Amino acid sequence: MLDEQIDVLGVKKLQDSGADFLLLDCRNPEERELVSIEASVFIPMGELSQRVAELEEHREKHVVVYCHHGGRSDMVCNWLRAQGFLRVQNMQGGIDAWACHVAPELPRY
């Protein structure tokens with residue numbers, strides 16, 4: 001079983017290795033317009049319960065969820081686990097940590 005948390009360097013390692021995982025951005029649309037991580041799927045936290053069917057094909061896959069700092073994505077991870085998505089991890093520190101440690105060219109907010 002996966003740890004409930006993964007740090008940004010762990011996510012970068014997954015990307016670089018070509019791992020088959022879904023990176024889910026659960027922030028608000030205005031945040032997504034400012035900055036995002038390439039190849040992430042965008043479903044705002046407030047729309048997730050209505051749009052969870054869009055994730056059905058990923059139910060057995062590794063899913064990493066991110067937000068701004070990691071609070072909302074942690075709640076989304078807990079909700080997804082309750083829906084039967086068992087390979088879900090929260091990206092600690094969110095996109096802010098990503099911009100600090102992985103992609104310093106990205107804007108921070």
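Which residue of strand 4 is the bridge partner of Phe21? In the predicted model described here, that partner is His62, and the pair belongs to a parallel association of strand 2 with strand 4 that extends over five bridges.

This association forms part of an open sheet of five strands, arranged in the order 1-5-4-2-3 and paired in the parallel sense. Strand 1 (5–6) and strand 3 (41–42) occupy the edges, each with a single partner strand, so that one side of each is left without a neighbour in the sheet. At one edge, strand 1 pairs with strand 5 in parallel fashion over two bridges, and Gln5 stands opposite Asn90 of strand 5. At the other edge, strand 3 is joined in parallel to strand 2, again over two bridges, with Val41 of strand 3 serving as the bridge partner of Leu24. Strand 4 (residues 62–66) and strand 5 (residues 88–91) also run parallel and are joined by three bridges; here Val63 stands opposite Val88, while Val64 has Gln89 as its bridge partner in strand 5.

Burial was examined for individual strands of the sheet. Five of the five residues of strand 2 are buried, so this strand is largely enclosed by the rest of the structure. Both of its faces are covered, with Phe21, Leu23 and Asp25 on one side and Leu22 and Leu24 on the other. Strand 5 is likewise covered on both faces, where Val88 and Asn90 are buried on one side and Gln89 and Met91 on the other. Helix 4 (residues 71–82) lies across strand 1, strand 2 (21–25), strand 4 and strand 5, and runs at about 175° to strand 5.

Within strand 4 lies Val63, a buried residue whose relative accessible area is 2%. Leaving aside neighbours within four places in sequence, Val63 is in contact with Leu22, Leu24, His58, Arg87, Val88 and Gln89. The C-alpha atoms of Val63 and Phe85 are separated by 8.3 Å, although these residues stand 22 residues apart along the chain.

Cys26 is placed in the loop between strand 2 and helix 2 (29–34), and this residue is buried as well, with a relative accessible area of 1%. When residues up to four places away in sequence are not counted, Cys26 touches Ile43, Pro44, Met45, Val65, Tyr66, Cys67, Arg72, Ser73 and Val76. One of these contacts, Cys67, is 41 residues from Cys26 along the chain, and the C-alpha atoms of the two cysteines are separated by 5.6 Å.

Packing between helices was considered next. Helix 1 (residues 8–17) and helix 5 (residues 94–101) pack with their axes 9 Å apart and at an angle of about 75°; the two helices are therefore roughly perpendicular to each other. Helix 1 contributes Val8, Leu9, Val11, Lys12 and Gln15 to the contact, and helix 5 contributes Gly94, Ala97, Trp98 and His101. By residue class, the contact divides into five nonpolar, three polar and one charged. Helix 5 is mostly covered, six of its eight residues being buried, namely Gly94, Ile95, Asp96, Ala97, Trp98 and Ala99. The elements that cover these buried residues include helix 1, strand 4 and strand 5.

The largest nonpolar core comprises 16 residues, of which Val11, Leu23, Ile37, Val64, Met91 and Trp98 touch the most other members. Two or more residues are given to this core by each of helix 1, strand 2, strand 4 and helix 5. Ile37 touches Gln15, Leu23, Tyr66, Met91, Ile95 and Trp98, residues up to four places away in sequence not being counted. Another core, of 14 residues, lies apart from the largest one, and its members include Ile43, Leu55, Leu80 and Phe85.

Methods:
Residues are numbered from 1 along each chain as its sequence is written. This is a predicted model: local features need pLDDT of at least 70, side-chain atom pairs count only at pLDDT 80 or more; totals for chains, interfaces and linings use all residues. Side-chain values use heavy atoms; hydrogens and water are left out. Two strands pair if DSSP finds at least two bridges between them. Helices (H or I, at least four residues) and strands (E, at least two) are DSSP runs, numbered from the N terminus. Contact means heavy atoms within 4.5 Å. Axes are lines fitted to C-alpha atoms, for helices over the stretch in contact, and angles run from 0 to 180 degrees between N-to-C directions. Angles under 35 degrees count as roughly parallel, over 145 as roughly antiparallel, 65 to 115 as roughly perpendicular and the rest as oblique. Ala, Val, Leu, Ile, Met, Phe, Trp, Tyr, Cys and Pro count as nonpolar, Asp, Glu, Lys and Arg as charged, and the others, Gly among them, as polar. Buried means under 20% relative accessible area, exposed over 50%, partly exposed in between (1.4 Å probe, protein chains only). A nonpolar core is a set of buried Ala, Val, Leu, Ile, Met, Phe, Trp, Tyr and Cys residues joined through side-chain atoms within 4.5 Å.
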